[in-house]
Each structure stands twice: as structure tokens, then as C-alpha cells.
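Biologist: Hey, I've just opened this one and I'm new to it. Can you walk me through it?
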Amino acid sequence: MYVCGMMARILLESGAETTRVESTIDYVGKAIGVDLNCHATMTAIFISTASESNTYLVKPNVSAFNLQKVDDINTVSRRFFAHEISFMQLEQQVQAIDHKVIDFTWPQKIFGAGLVSVAPMLLFKATWGDLTLAFFIGILGYLALKWGDKHAVAPYLGAIAGGLVISLLATLLQQMGIANSAANIIISALMPLVPGVPFTNSLREIIDRDIISGLVRGIDAVMIAGSIGIGAILGSFMVHFLIGVL
């Protein structure tokens, strides 16, 4: 139950949907001949057995996602279900995954944010100048988001800061005659900030009738998207207000 609780926590904290968490624990129980019952929500994971009255409770801390860890846990659980590894090896590998830091370097993150910001501009058939501006503005918005998440005490302030920086720069560059379409640049540069994985998982969980977890994920994603929108509106308003004053 302890190992299964650790697996469930890693999956949920790494961005897996609750259906995947519960099915993984079910497969592990079948592999060792134990009837395990798992109920996962965004705030708590309950694991129990049909033969005993004990229940193991895990409180996850869902704040980000790491799909590489989800894939690693899936691979380990499948190998254990196929009896390719022993339970002792399963426990050791799960602990290794839990303590392993899987992350990209800052240059990779920054360059990736720039590429994501450029992609929607191709649909708008934007000029090369706007496309280049979207690349750098998207990077600055991503850095503002990370800076806000690190230093802000209240939640969602990082998303507001990212949207504010992007809208402020795009609108200002258009007013200066450097950019052709501030709207296109804003829409494209906001893409690295949009919570795509939480939106997708919330819809999938609602379809799977995990209504509570789906609504929690969905509301959180809507709050993030709304905060980004508030920041974008504030940035555009500030530029037009300053131009009107001057």
C-alpha cells in the first residue's frame, strides 16, 4: 500500500488523470494477487484492500506537471504486471523516479517558449517582423510568468504578470510603428502561458465521469487563463492610457 501510494502520488503530481492513477494501482494489485481499491482526487488518494480494514491516505501537492515521470511510472508498472521485475525492484525504481529531478535547462525552456510563441503566427500569415517580435515577446512573457510564480505570494499573479508584459510590449511596439498587428502577436506570445495539459485532463476526467477531479482541474485552468487575460487587458489599457495622457 505504501509503494502504491507513492506511485499514485507521483502520477497525480506529474499531471496524470485520476483514471490512470486508479487503473495503475489496480494493475499492481492484480500482479501480486491483492484486491486493491484506489480512489484518487486532486486533494487526496485513498488506497485500501478488500481483505483488511486499513486505509492508506496520501495527500498530493498538485502544482505542476512532468509527463516524463508519468511515462516512467507507467513503464515500471507494466514491467511489474508482466512479471519482468520483482516487487523489491519495483519499490526501488519507484523511489528512484520519485527522487529523480527531470527538467530542462533554462536555455532550453526559453528557446522552447520562443518557438511555441512563433507557431500560431504561421496561421496568421504574419510578416517576418511580427514573427520575430512574437518570438522574443513570448520569451519575455514566459520569464515574467516564472518570476511571478517564484516571488508572488498569492496564486495566479505570475499568469497576470506574463499576460501584462506580453500585451504591454506588443501594443507599445504597434503604437511605435514597429509591429503590424499587436493582436496577432499577443495571441501567439500567450501560447506558452496557456494551461493546455490541465484543460485536456479536466475534459478527459469529466468524460470518464470523474466529475469532482475534472471540475477542480478545469476551474484551476480557467482561473489561470482568466488571469492571463486580465494581464493582457491591463497591458493594452496602460499603453493606450499613457498615449492619451501624453
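Modeller: Sure, let's go through the record, the charged pairs and a surface patch. One thing up front: this is a predicted model.

Biologist: Good to know. What does UniProt say about residues 3-235?

Modeller: An unreviewed UniProt entry annotates that stretch as "domain: Threonine/serine exporter-like N-terminal".

Biologist: And how much of residues 3-235 is helix, and how much is strand?

Modeller: Helix makes up 69% and strand 6%. The C-alpha atoms at the two ends of that stretch sit 48 Å apart.

Biologist: OK, on to charges. How many salt bridges are there?

Modeller: The count is eight. Here the nitrogen of a Lys or Arg side chain has to be within 4 Å of a carboxyl oxygen of Asp or Glu.

Biologist: Give me one. Which residue does Arg 9 pair with?

Modeller: Asp 98, with 2.7 Å between the closest N and O atoms. Arg 9 belongs to helix α1 (residues 2-13) and Asp 98 to helix α4 (residues 87-99), so this bridge ties together parts that are 89 residues apart in sequence.

Biologist: Nice. Is Asp 98 buried or partly exposed?

Modeller: Partly exposed, because its relative accessibility is 22%, and buried would need under 20%.

Biologist: What about a pair within one helix? Where do Lys 30 and Asp 26 lie?

Modeller: Both are in helix α2 (residues 18-32), four residues apart, which is about one turn of the helix. They form a salt bridge too, the closest N and O atoms being 3.4 Å apart. Lys 30 is exposed at 54% relative accessible area, while Asp 26 is partly exposed at 29%.

Biologist: And Glu 84, what's its partner?

Modeller: Arg 79, and their closest N and O atoms are 3.5 Å apart. Glu 84 is exposed, with 54% relative accessible area, whereas Arg 79 comes out as partly exposed at 32%.

Biologist: Which residues do shared partners join into one network?

Modeller: Arg 9, Glu 13 and Asp 98 are linked that way by salt bridges.

Biologist: Changing topic: which residues make the nonpolar surface patch?

Modeller: Val 116, Leu 123, Phe 124, Ile 187, Met 191, Val 194, Phe 199 and Val 222 make up a patch of about 670 Å².

Biologist: Pick Leu 123. Which helix is it in, and is it buried or exposed?

Modeller: Leu 123 is in helix α5 (residues 106-123). With 72% relative accessibility, Leu 123 counts as exposed, because the cut-off for that is over 50%.

How values were computed
Residues are numbered from 1 along each chain as its sequence is written. This is a predicted model: local features need pLDDT of at least 70, side-chain atom pairs count only at pLDDT 80 or more; totals for chains, interfaces and linings use all residues. Side-chain values use heavy atoms; hydrogens and water are left out. Buried means under 20% relative accessible area, exposed over 50%, partly exposed in between (1.4 Å probe, protein chains only). UniProt positions are given in the numbering used here, feature names are shortened, and annotations may be inferred rather than shown by experiment. Patches are made of residues with over 30% relative accessible area and no salt bridge: like charges are joined within 9 Å, nonpolar side chains (Val, Leu, Ile, Met, Phe, Trp, Tyr) within 5 Å. Accessible areas come from the Shrake-Rupley method with a 1.4 Å probe; for residues, only the protein chains shown count as cover.
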